Amino acid sequence: MSVLSQSYKEIELIVVDDGSTDDTISNLKNIDDSRLHIEHQAHQGACAARNLGIKLARGKYIAFQDSDDEWLPNKLTEQLSNLKLHDSDIDFCSMKTYSKEKNYITPNFPINNSFNLEEKLLISNFISTQMLLVKKKCFDKVKFDESFPRFQDWDLLLTLCQKYKLSHTDSILVKQYISNDSISNNIAKANDAYEQLETKYSSLYSHYPRSYAKFLYNWSLHCKKYLTKKDQRNILALSLKYSLSLKTVMRFIETYL
């Protein structure tokens, strides 16, 4: 409902039912709003659903919303204004993430530091799909890569930022809610996705060794419970090679020496 309650009213809301088995469709059919369109597909995953929604969309801009998350009322209004102000192709807002079990809030990746935006994107997955407003033309040749088990949003932004201009609306306009059984907590899939990202963007990482070092460092920490000691040591040692930061050195010493 947070989409239909936006202060910006000229929207179409495409809900792609990805083979759901709950009461999603019956609940949606109770909503009397001509802007709502429901599409069905056999279960193929979230990114296949997003790609279908992009294909069906008739508007000039595309935004995304996951089922459990919430847009604040001025999300589209503020982002459209910022997109036009900066003459950009893609805008991302800030977001707060809440855990249903622990009720904590995780901050976004800091925007203002010594890394440029492309370098930041190589380090960390800090722009989620819910935060985006994108000109539809950007998807003419770029889609969500359905081969990724996780981090499809990260992969998408790394591709788009090489072709299009990004801007940032410095306002928290999305609330994300995660649970312990969320795909975002699946470490095995995260490890596979890190491997795919490293391979797919190897040429970019070669241009930004500091970002590569931090990417590897984050990989070793994020997937620690899944990686063998040997694999984690190898990843962290490679991070040391490109970084030699005191933090990474101390982490290596504490863990392995």
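**Notebook: salt bridges in the predicted model**

I looked up aspartate 66 in this predicted model and found that its side chain meets that of arginine 50 in a salt bridge, with N to O at 3.2 Å. The two partners come from distant parts of the chain, 16 residues apart: arginine 50 sits in helix H2 (residues 46–56), and aspartate 66 in the loop between strand E3 (61–63) and strand E4 (70–71).

I then checked accessibility for this pair. Arginine 50 has a relative accessibility of 16% and therefore counts as buried, since the cut-off for buried is under 20%, whereas aspartate 66, at 27%, counts as partly exposed.

Next I asked how many salt bridges the structure holds; the count is seven.

I turned to aspartate 89, which forms a salt bridge with lysine 135, the closest N and O atoms being 3.8 Å apart. Lysine 135 lies in strand E7 (residues 132–135) and aspartate 89 in the loop between helix H3 (75–86) and strand E5 (90–99), so this pair ties together parts that are 46 residues apart in sequence. I noted lysine 135 as buried at 15% relative accessibility, and aspartate 89 as buried too, with a relative accessible area of 11%.

Aspartate 89 also meets the side chain of lysine 137 in a salt bridge, at 3.4 Å from N to O. Here the partners are 48 residues apart, with lysine 137 placed in the loop between E7 and helix H5 (152–160). For lysine 137 I recorded a relative accessible area of 43%, which means that this residue is partly exposed.

My last entry is that Asp89, Lys135 and Lys137 are linked in a network of salt bridges.

Note on methods:
Residues numbered from 1 in each chain as written. Predicted model: local features only at pLDDT ≥ 70, side-chain atom pairs only at ≥ 80, totals over all residues. Heavy atoms only, no water. Salt bridge = Lys/Arg side-chain N within 4 Å of Asp/Glu carboxyl O. Helix = DSSP H or I, 4+ residues; strand = E, 2+ residues; numbered from the N terminus. Buried < 20%, exposed > 50% of the residue type's maximum accessible area, 1.4 Å probe, protein only.
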